[in-house]
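Subject: Structure for you to look at

Hi,

Here is the structure I promised to pass on. Please open it beside this email, and my notes follow below.

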Amino acid sequence: MRTAYKKVSSHGSINIPAAMRRELAIEAKDPMVVEEHNGAVLIRPYTPRCSFCRTMEDVQDFMGRGICSACAGKIAEKSGGHGWKI
Ligand SMILES: [Zn+2]
């Protein structure tokens, strides 16, 4: 878990640090889910993107990052078929 300190704008906006957007493959205008839970606010992508090819199709979570079936297949192929399967 990483922490960033940001101020809320007069419009109620807050920006997500570029490094976090890059890591989570969040792009401008992507829909986000904002949840309140016990005094904390959690913001996460409504539809996660694949961290490798940026698609939003058939993406699953892998260790906190999105990966699509096609990219997961390519990684498994490169590892000689002994890799993981999603
Ligand atoms: Zn992909």
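V33 lies in strand β1, and I would start there with the model, which is a predicted one. V33 counts as exposed because only 10 C-beta neighbours fall inside 10 Å, and the cut-off for that class is 12 or fewer. Its contacts beyond four places in sequence are R44 and Y46. V33 and R44 are 11 residues apart along the chain, yet their C-alpha atoms are separated by 5.4 Å.

The strand pairing gives the setting for that contact. β1 and β2 pair in the antiparallel sense, over six bridges. Within this pair, E35 stands opposite L42 in β2. The two strands form a hairpin with two residues between them. As for β2 itself, the number of buried residues among its six is zero, so the strand lies largely in the open. A reminder that may help when you look at the side chains: in a regular strand they alternate between the two faces of the sheet.

Now for the turn. Which residue there has a positive phi? It is N38, at about 50 degrees, although N38 is not a glycine. N38 is found in the loop between β1 (32–37) and β2 (40–45). With 4 C-beta neighbours inside 10 Å, N38 counts as exposed.

A25 also has a positive phi, of about 60 degrees, and is not a glycine either. This residue is found in the loop between α1 (18–24) and β1. Is A25 buried or exposed? A25 is buried, because 21 other C-beta atoms lie within 10 Å and the class starts at 20.

A25 also belongs to the largest nonpolar core, a group of six residues completed by C50, V59, I67, C68 and A72. In soluble globular proteins, nonpolar side chains tend to be buried together. If you want to follow one core member outwards, try C68: leaving out residues up to four places away in sequence, C68 touches C50, C53, T55, E57, D58 and V59. Two of these contacts, C50 and V59, are themselves in the core list.

M56 is worth a look too. Its place is in the loop between β2 and β3 (59–62). M56 counts as partly exposed, because it has 17 C-beta neighbours inside 10 Å and the partly exposed class sits between the 12 and 20 cut-offs. Not counting residues up to four places away in sequence, M56 touches T47 and R49. From M56 to T3 the C-alpha to C-alpha distance is 26 Å, with their positions 53 residues apart in sequence.

Finally, the chain as a whole. There are two helices and four strands, and from the N terminus on the elements run α-β-β-β-β-α. The radius of gyration is 16 Å, well over the 12 Å that the globule rule gives for 86 residues, so the chain is more spread out than a compact globule. Along its principal axes the C-alpha trace spans about 55 × 25 × 20 Å. Buried residues make up 9% of the 86 residues. Of the contacts with a separation of 6 or more, 11% are between residues 24 or more positions apart.

Happy to talk any of this over once you have had a look.

Best wishes

Definitions and conventions
Residues are numbered from 1 along each chain as its sequence is written. This is a predicted model: local features need pLDDT of at least 70, side-chain atom pairs count only at pLDDT 80 or more; totals for chains, interfaces and linings use all residues. Two residues are in contact if their C-beta atoms, placed from the backbone, lie within 7 Å. Two strands pair if DSSP finds at least two bridges between them. A nonpolar core is a set of buried Ala, Val, Leu, Ile, Met, Phe, Trp, Tyr and Cys residues joined through C-beta atoms within 7 Å. The radius of gyration is taken over C-alpha atoms; the globule rule is 2.2 Å times the number of residues to the power 0.38.
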